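This report concerns one protein chain. The sequence and model are displayed first, and the commentary comes after them.

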Amino acid sequence: MKHYQFSTGEENISIPLKPDVKKIYVEVTTKCNYSCITCIRHSWTDQMGDMSIQVFNKLYDDMKGLPSLQFVHFGGFGEPLTHPNILEMIKKCKGLGLSVEMITNGSMLTPQVASHLIEVGLDWIFVSLDGPDDQSFETIRPGASYDEVIRNIEYLQKLKKEKKSNKPELGVEFVATKQNIRKLPAMPALTDRIGAHKLIVTNVLPYHESMKDEILYDNGLDLNSFGRESTFLSVKAAPNMQLRTARHCRFVENKALTVTWQGEVSPCYAFMHSYSCYIMGRKKEMLAHSFGNVKDRSIEEIWTTPQYARFRWMVRTADYPSCTDCRLLDGCSTVLTNEADCWGNNPTCSDCLWARDLIICP
């Protein structure tokens, strides 16, 4: 087995270069039929588009060469059900014996689509529900219909019973803001009613100045007991509500990567696109970073490059500064973007709120 060796100045490090990818997040599109006030599209100028069948087929072929691959998640920053080939993509991944998940806004989960998702064997479907009623839901998703989404979910659950299938299992994701946090206590009752087995609560990451005052973290809230009254929830995830010292990356720890609709391989959601966001009210420019494109190299080749291996080591060992709570933050130029940090890392995760468990993804 090949190893990548380097010196930190204090010790020599040897990293095995093995194709141990376990999970791939696939962004099949950046298009969406909603315009949510929390959406990243309000702060980027990236091109919109669908993943071509050629790019997906190359990715699919690469999956065959990954012996540790277990999961594929269709998500990213678009609505997967808008892609004309999404059902065939799910079917092909299931044909490899993989566990397949998808996140959706639920509006396109029609009876016909629900039937097909059961037939192709989708394992998990996560629906974004930022409130237990039409008022809270439609405030965040202008022009959307809460009742329509709930009807779609209820039909999917009814159809599963008729077909004697327990898949796809249902999960719900709730993005917490000052506008909807008072509705959070009602969410377990809703998830019980619609038969959801997972509820993920995450904090909002403001992508636009109009949302920067909607954050809840560091205001004394405690969600430790949230959801205990729920009857059916087998898994509940709630974010930290205060900035804490410990940092860990679920993407690196779970040996996961992301693939954009154009085939670019990025280490996580945060590096998939270029956009602006607000970290504790402070504007930051996020620059997309790719370690390679599946059109040019295989996933195995990209994953085992020394540059990507070194990046994962840096994140895994937290060998990067903590800009978020640094006392020298004011006046520091490196904090303006994620391009580099004062320790010499390029790119850097020094302001990552995912690493603090303030932001959580499926």
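The text below treats the sheet, the helices on it, the nonpolar cores, the cysteines and one loop residue.

**Basis.** The model is predicted: local features require pLDDT of at least 70 and side-chain atom pairs pLDDT 80 or more, whereas totals for chains, interfaces and linings use all residues. Residues are numbered from 1 along each chain as its sequence is written, and side-chain values use heavy atoms, with hydrogens and water left out.

**The sheet.** Helices (H or I, at least four residues) and strands (E, at least two) are DSSP runs, numbered from the N terminus. Two strands count as paired if DSSP finds at least two bridges between them. Nine strands form an open sheet with mixed pairing, in the order 9-8-7-6-5-4-3-10-11. Strand 9 (235-237) and strand 11 (265-266) are at the edges with a single partner strand each, so one side of each has no neighbour in the sheet.

Strand 3 (residues 23-26) is covered on both faces. Lys-23 and Tyr-25 lie on one side, Ile-24 and Val-26 on the other, and all are buried (under 20% relative accessible area; exposed is over 50% and partly exposed in between, with a 1.4 Å probe and protein chains only). In a regular strand, side chains alternate between the two faces of the sheet. The parallel pairings for which bridge partners are given here are tabulated below.

| Strand pair | Bridges | Residue and its partner |
|---|---|---|
| Strand 3 and strand 4 (residues 71-74) | four | Val-26 and Phe-74 |
| Strand 3 and strand 10 (residues 256-259) | four | Tyr-25 and Thr-258 |
| Strand 6 (residues 124-128) and strand 7 (residues 169-176) | five | Trp-124 and Glu-169 |

**Helices.** Helix 5 (residues 146-162) packs on the sheet and touches strand 6 and strand 7, its direction making about 160° with that of strand 7. Here contact means heavy atoms within 4.5 Å, and axes are lines fitted to C-alpha atoms, for helices over the stretch in contact, with angles from 0 to 180 degrees between N-to-C directions. Helix 6 (residues 187-194) lies across strand 7 and strand 8 (198-203), and runs at about 160° to strand 7.

In helix 9 (residues 306-316), the buried residues include Tyr-308, Phe-311, Arg-312 and Trp-313. The buried residues of this helix pack against elements including strand 1 (3-7), strand 2 (12-16), strand 10 and helix 8 (299-303). Ala-318, which follows helix 9, has a positive phi near 55°.

**Nonpolar cores.** A nonpolar core is a set of buried Ala, Val, Leu, Ile, Met, Phe, Trp, Tyr and Cys residues joined through side-chain atoms within 4.5 Å. The largest has 110 residues, of which Phe-74 and Leu-129 touch the most other members. Beyond its neighbours within four places in sequence, Phe-74 contacts residues including Val-26, Phe-56, Met-89 and Ile-103. Apart from the largest core lies another of five residues, among them Ile-103, Phe-126, Ile-200 and Ile-360.

**Cysteines.** The structure holds zero disulfides, a disulfide being a pair of cysteine sulfur atoms within 2.5 Å. For Cys-277, the nearest cysteine sulfur is that of Cys-352, 9.7 Å away. Cys-277 counts as buried because its relative accessibility is 1%. The sulfur of Cys-352 is 6.0 Å from its closest cysteine sulfur, in Cys-349, which is too far for a bond. At 22% relative accessibility, Cys-352 counts as partly exposed.

**A loop lysine.** Lys-183 is located in the loop between strand 7 and helix 6. Lys-183 counts as buried because its relative accessibility is 14%. Leaving aside neighbours within four places in sequence, Lys-183 is in contact with Pro-132, Asp-133, Gln-135 and Ser-136.
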